[in-house]
Amino acid sequence: MARATTRSQKPRASQSQPQPSQTQRSQKNRAHEEEEDEDDDQEDQDEDEERNMDVDDDEDGDQNGKNELDRAAYALVRLAMFTEHKRTPLRRDEISKKVLGSNTRAFPRVFASAQGILRNTLGMELVELRSRAELDRDAAGPGGTQNQDDLEEARKATGVRKKAAAAGSKTYILRSILHERLIEEAALTHDEILEEEAADALSDDDDDDESGGITAYGSIISWSSADHVGALGVLYVILALILVSGRVMGDQDLRATLKTLRIPATGTIAFAPTATHRTLSLDQYLSLLVKQGFLDHRQARKAGTRGKRARVQAADDDGQTTYEWRWGARAHSEVGEKAVGAFVAEFMVQEESLPGGEGGEEDAGAEGAAAGRAKASKRKADAASRLEKMAKGIERAAGGQLADVM
Amino acid sequence: MSTVNAKDVQRLFLQAVLSRGVLSGKLAQALWAKAKDAVMAVDNNLDISHSGTREEWEAFVIKVNQALDPLDLEFRHLQEETTGREMYAIVNRKGDEVAQMATDYTPTEIAFFKALVDQIMSAPRESFSLSSLAALREVSVLKKSNMTKTQAEVVLSSFVAKGWLQKSKRGRYSLSTRALLELQPYLKSTFPDEVIECVICFEIMTKGIACTGPNCQVRMHYHCFTKYTARNRKCPTCNCDWPGNDPHTMTPVGESAARDGDDGRRRIRKSVENSDDEEEEDEQADEPSQPRTQQSRKNKTKAAQTQSMDVDEDESEGEESDTPAKTQGTRRSSRRG
């Protein structure tokens, strides 16, 4: 969105944080009259503004707190939308800096109010990502003092303070709260939409040399233009591989498996033309996924120091150091193990029933067409039970019940 | 998650629009209809009427904008300059610190884009376009940038793919409908002398026609010209006779006005404070044949342009120095009357 408009007004909000009234005024480009009054009022209250914020809420007659709360809530919604656009998690300190100014104590109320706006207007909500410690705790399963020790170690290793870890990651992503069946509907192809998309694409781009670009699928929500579906596919395969490897996968294992899937270390991941890079190397893509929170890459526990994590820095020159891949917090909150498990199950069952597919031993010598058809219907009947069996197998491979989105 | 209700139509519609960036009015209306169907498909008991009339659509757009207004966003539309099609986008009305992050472009890439907009807006003879070679040249002028030309090419096509810039068959970049929708306040405040408006629809204009009369300020979009000339054959301001309703007979605004030498050297824009005179002097010293402030452009070049237009075309056909060689036919058709 309006990237260039922002520059002309650069020396704004960021400088005036200690003084809420100024921050407020400068952020309002279109000065509303009723807000003008509010500014004047607030100027007097600058010194004890913190206290006032609390008082304001109790007094029904005073509009100050309410207006300020609304302003901050709408600003938070904007911030959340724009941050999500980049697929990076929104950090709490960013919210404090850019939205709250000095009113950091107003966070719970502003947050709640912003959630209301997001849900009501856009059908989305902010979700706090799990911290690494929380994820570890979940992975460790119920109880066990031994696990508790691990947790301590994990905290030390990641440099997360105990208190912070207990309070969650303090980072947020936007997630749709539309009914899941509605989302399914929104992903189907509709001819009417497809037609209009084709018409749009025609005259939109004069240059047929390098247009081509994004394939439209005629769905209500255009996943193909909002995301890089090719790269996303690679991510989901990686998530699936990690899941069925017991939720942890060694660096070497992952790379070897990707190699058999024809993504060697020197391979590249292709992006849609909307990206500022045509391709990324595998390593670049993996580190992007770590940055976005889809994957977690950390040092593996050493066999010798059982239950303890080696110090990251110290062990770097040690040739023994190995790294492993886990799901990042965003993968847990955005996709969920269940969905990836279902994706794997569907894929495997489908693969099996394909003629000539690896697992399709019974159609090795597909004779007559009639016989083939009979087999096909039988396969269909089998599919459901196979799917179920496969799902159980995946759960076993993952090493425990699959979690829904968190 | 438990149930759906009629309000989900608008939510789904907004998510659909947000996933696209810019879209035609027809597509937007198709999405609206399908969003209703989708909600009803999930809950059979819901009965949401849909007549598909213009009035109903406009009422819906108003409702959408009421929801977006406190967020300083607007579901705005503009007619595409080349086709006259209605295009919609959700645009950000507020240029605050938060909006700086509204794109996934890096600061360098944004600086590159701004430099391109600058060159496009200040292009001589109201051509509002830039050759691909000149576009790439802008990278080397950027401060603190280590973007290579190869990278710049990819970034350029990303601008095009995301609908910020348009690339013509001739290989020239111009502002897209999305850029005009979203950047209008910026363009008007940054390029007050360069921005021109259509006398019919009063919207900003970068592609269209100019009156052939000497010193006449009249500018029209192609689609506005077609509408206007259906009933009139005289310029609305200077009253001079117009040859007919074929836009090719008029002085072009936009790419067709560009000549190949135009981008031979970089145009350096003076800060807004500088007086026009000063600017004009500098410019004329550099490129005597291409004065570029608006007044001088109009006073001196209009008369000459009308005669030189055809010549201009023939000339440029031969010496495609910096634009990919194309057939003669495309040159004509790129004007899209």
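**Sheets, helices and annotated domains in chains A and B**

In chain B of this predicted model, helix H8, spanning residues 222-229, lies across strands E9 and E10 and runs at about 60° to E9(B). Strands E9 and E10 belong to an open, antiparallel sheet of three strands, whose order in chain B is E10-E9-E11. A further three-stranded open sheet of chain B has the order E1-E3-E2, and the points below describe both sheets, a pair of helices in chain B, and two strand pairings in chain A, together with the domain records from UniProt.

**The E10-E9-E11 sheet of chain B and the RING-type record**

- Strand E10 (219-220) and strand E11 (251-253) of chain B stand at the edges of their sheet, and because each has a single partner strand, one side of each is left without a neighbour in the sheet.
- Strand E9, residues 208-210 of chain B, is joined to E11(B) by three bridges, the two strands running antiparallel, and within this pairing Ala210(B) stands opposite Thr251(B) of E11(B).
- An unreviewed UniProt entry places the feature "domain: RING-type" at residues 198-239 of chain B; over these residues the chain is 19% helix and 17% strand, with the end C-alpha atoms 17 Å apart.

**The E1-E3-E2 sheet of chain B**

- The pairing in this open sheet of three strands is antiparallel, and its edge strands are E1 (22-24) and E2 (73-79) of chain B, each of which pairs on one side only.
- Neighbouring strands of the E1-E3-E2 sheet are turned against each other by 25° on average, with direction ignored.
- Between E2(B) and strand E3, residues 86-92 of chain B, there are seven bridges in an antiparallel arrangement, and in this pairing Arg76(B) stands opposite Ala89(B) of E3(B).
- Two helices of chain B lie across strands of this sheet: helix H3, residues 54-68, lies across E2 and E3 and runs at about 140° to E2(B), while helix H7, residues 177-190, lies across E1, E2 and E3 and runs at about 40° to E3(B).

**The H1-H2 helix pair of chain B**

- Two packed helices are described by the angle between their axes and the distance between the axes.
- For helix H1 (residues 7-18) and helix H2 (residues 25-42) of chain B, the axes come within 9 Å and cross at roughly 135°, and H1(B) and H2(B) are therefore oblique to each other.
- H1(B) passes H2(B) in a right-handed crossing, and the contact involves residues of H1(B) including Leu12(B), Phe13(B) and Val17(B), and residues of H2(B) including Leu31(B), Trp32(B) and Val39(B).
- Sorted by class, the contact of H1(B) with H2(B) has eleven nonpolar residues, no polar residues and two charged residues; Asp8(B) of H1(B) and Lys36(B) of H2(B) are among the residues that make this contact.

**Strand pairings and the MAGE record in chain A**

- Strand E8, residues 323-327 of chain A, is joined to strand E4, residues 249-250 of chain A, by two bridges in the antiparallel sense, with Glu324(A) of E8(A) as the bridge partner of Gly250(A).
- E8(A) also pairs with strand E7, residues 295-299 of chain A, over five bridges that are again antiparallel, and here His297(A) stands opposite Trp325(A) of E8(A).
- An unreviewed UniProt entry places the feature "domain: MAGE" at residues 69-129 of chain A; over this stretch the chain is 69% helix and 11% strand, and the end C-alpha atoms are 24 Å apart.

Note on methods:
Residues are numbered from 1 along each chain as its sequence is written. Chains are lettered from A and ligands numbered from 1 in the order in which they are written. This is a predicted model: local features need pLDDT of at least 70, side-chain atom pairs count only at pLDDT 80 or more; totals for chains, interfaces and linings use all residues. Two strands pair if DSSP finds at least two bridges between them. Helices (H or I, at least four residues) and strands (E, at least two) are DSSP runs, numbered from the N terminus. Axes are lines fitted to C-alpha atoms, for helices over the stretch in contact, and angles run from 0 to 180 degrees between N-to-C directions. Two residues are in contact if their C-beta atoms, placed from the backbone, lie within 7 Å. Angles under 35 degrees count as roughly parallel, over 145 as roughly antiparallel, 65 to 115 as roughly perpendicular and the rest as oblique. A crossing is left-handed if the near helix is turned anticlockwise from the far one by less than a right angle, and right-handed if clockwise. Ala, Val, Leu, Ile, Met, Phe, Trp, Tyr, Cys and Pro count as nonpolar, Asp, Glu, Lys and Arg as charged, and the others, Gly among them, as polar. UniProt positions are given in the numbering used here, feature names are shortened, and annotations may be inferred rather than shown by experiment.
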